[in-house]
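Let's take a walk through the aromatic rings of this structure together. Have the 3D view ready, so that you can follow along from one ring to the next.

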Amino acid sequence: MAEQNPFFMIPDERETLCTEARYLHCCLFNRYPTDNFIDAYIRAHTDISDLRAIDARQLRTVSLIVVCNLDAVGIEPWLRIKVKRHALSAKLLLIAYLAECDVRHPEFVRHNPSGRLALVSMGSAVLIAIFRLLRGRIQKAWHGLV
Amino acid sequence: MDWFNFVIVGSGPAGVAAARRLEGKGTCIVDIGMTPERTFPYASLSEGLASGDIESILGPHWEMLANVVEPGRVHAKLRAPGVRYVVSGQAFQVYGPSGEPCLYGAGSHAAGGMSNAWGAQLFRYNDADLAEVGNWPINADALETYYVDIEAHIGIAGEIDDMYDFLGETTCMLPPTPIVPAAVYLLARYRTRRSHTKLRLGRSRLAILTQPYRSYPAYGFNETEFFSTEQLGLYTARRTLDELRAGGRVTYLGGYELVAYREYPEFVEIDLQQSDSNAVRMICTKHLLLGCGTLQTARLVLLNKQAIGKSLPFIDHPPTLVPLFIPRMFGTTLPVRSFPVQLVATVDVHGQRDMISFYYPGALLWSDLLADMPLPMDAALKLLPNLLGGMLVAQIWETSRPALENRLSLATNGSIRIDYPRRSPYARLNSLLTALRLLGVYSLPRLATLAPPGWGFHYAGCLPMRHRPTSFETHTDGRLWDSQRVRAIDGSVLPSLPAKNHSLTLMANAARIADETLRCEY
């Protein structure tokens, strides 16, 4: 009966998604999400059939990143090169979309640029990006992520 | 059985333009006439985002996330539940150069047709455009009075500037739309350096009311264009349809789809199927005008002629997209209100006059942009607030002529298949980027992407008009090659496409064909 319910999710799967949401949110925003945010993340996985039908190998990569505390955000651009929309990219994007609708994420405030300090701010973002890309490249190679 | 002098199928730009010429003369408009079941409940995108209302922004069934797993599956502008109904009609598939499907689309069953999702740029074609692209059996003069009439009906914002030679006249021009600081900078820079460049830059001509016009309010510029089709002050064909219905001078049969027609010497018999009940109703008319959009009109004609194996020419305007960066404007405060189309340009290289539209991505969610930036997503997110102030996206449109290989046909189940193997990269990109560099605008050729065929919705050429049409072509008065009483009035009859989009011209041509129909003495 339960398997016929589209909203049914076995407890282990729910727990996995909960851990995944917390970890990926932390990688992207350096803080943990609220319970409501995690609920929305799990609900999206329940409702969007494409997210449930992702390639098993890619899902194992996501799982390994979460279990081994790897730099998901640094690894993701490298995975994107071969697979245009890797499972990790899809899940990080889902986190981003949910965060954009959540006022507790000032990263998405639209009318608050740095003004004269823009180039400094952008330069520092690029330097951090280079560091994360290097770290991501090493971790991807070390763990053989695909 | 109901009898009408004129039956127009479709309420998109072509259908309503023809209906305006034929109102009060025993005219009936037939369409499915879908309207949105859901509207965006906030006054602006900023207000919606600040509300924390996930369901309103991302959709009750996560419609805005349609591309999260498979990028490009749904056109960015057609994802939201308040817009998606626009493309709920007959499905079609486009096959690209590799022979693989590169785009899944659908026709429109919406009242107002595809104009509910258009970019609102309306341009006239002039004789130079038609001479450049070739194959047109009529001159631009033949459309002149219809351009004037339609422009006055719609209300078009623009300015007489350096683009005048390219864009030509506009009747009763309204003040131009406001533009974002990056576009203001680009335009100012152009004005000081115009003598050093082959680029011509100016304001676009937009079907947007920048001030109240004909009892309609001015547009709000609330950045909700990707979330709702209910935009007061932005013209769609639905406005004209509503006016025609309110005036009571046309009969409106909503909820019906034309499934077959039979032409007799004295009349045309039409089978209409009700979309709810599938019940079939028959009506008769002296003249049938098919204006259901290029693809659907071509499909109807092919089905009616039982020409399943037959393929027709197909023309599209797939644009090249290039992000442009203006470093001087990085960090500029982003506007609270904006419209996607900012400026328009043309560059005359080797006699080819391409059209470049400059867009500001204010109506997109920022998350839409993250996976397109070659950076970790957190860095991309840190860059965006400063980057967007100095960023525009160029959409480059080239002239498009029929190519032997690009064809439309019907599969055995009656669905539309488009094969579009011939698609060349934009050859003049380096010249354009060099011209823009002089204005302080930078980009790299490798950042350019080719939109897949079918992406731009500028479809034409399946039933091209000719002075002496052969099979599956049309006369210059819209009649099918072998017909006295059945006419095609939409983009399907345009034989080739200049770089400017064809929306206004297909309206003017539909109005011209309607007048030709009135003039015929049978």
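**Rings, charges and pairs**

In chain A, Arg22(A) places its charged end over the ring of Tyr32(A), at 4.6 Å from the ring centre. Keep in mind as you look that this is a predicted model. Chain B offers another case of a charge over a ring: here the charged end of Arg239(B) lies over Tyr216(B), 4.4 Å from the centre of its ring.

Now let's turn to rings that meet other rings. A pair of aromatic rings is described by the distance of the centres and the angle of the planes. Searching the whole structure gives 14 aromatic pairs over all chains. One of them joins Tyr219(B) and Phe221(B), with 4.9 Å from centre to centre and 75° between the planes, an edge-to-face arrangement. How accessible are these two residues? Tyr219(B) has a relative accessible area of 7%, so it is buried; Phe221(B), with a relative accessible area of 8%, is buried as well.

Next, find Phe457(B) and Tyr459(B). Their ring centres are 6.3 Å apart and their planes meet at 65°, so this pair is edge-to-face. Is Phe457(B) buried or partly exposed? Its relative accessible area is 27%, so Phe457(B) counts as partly exposed, whereas Tyr459(B) is buried, with a value of 9%.

Finally, follow the rings outward from that pair. Phe457(B) and Tyr459(B) belong to a cluster, linked by ring pairs, that also includes Phe92(B), Phe314(B) and Tyr420(B).

Definitions and conventions:
Residues are numbered from 1 along each chain as its sequence is written. Chains are lettered from A and ligands numbered from 1 in the order in which they are written. This is a predicted model: local features need pLDDT of at least 70, side-chain atom pairs count only at pLDDT 80 or more; totals for chains, interfaces and linings use all residues. Side-chain values use heavy atoms; hydrogens and water are left out. Rings of Phe, Tyr and Trp (its six-membered ring) pair if their centres lie within 6.5 Å; planes under 30 degrees apart count as stacked, over 60 as edge-to-face and the rest as tilted. Buried means under 20% relative accessible area, exposed over 50%, partly exposed in between (1.4 Å probe, protein chains only). A charge sits over a ring if NZ of Lys or CZ of Arg is within 6 Å of the ring centre and within 35 degrees of the ring normal.
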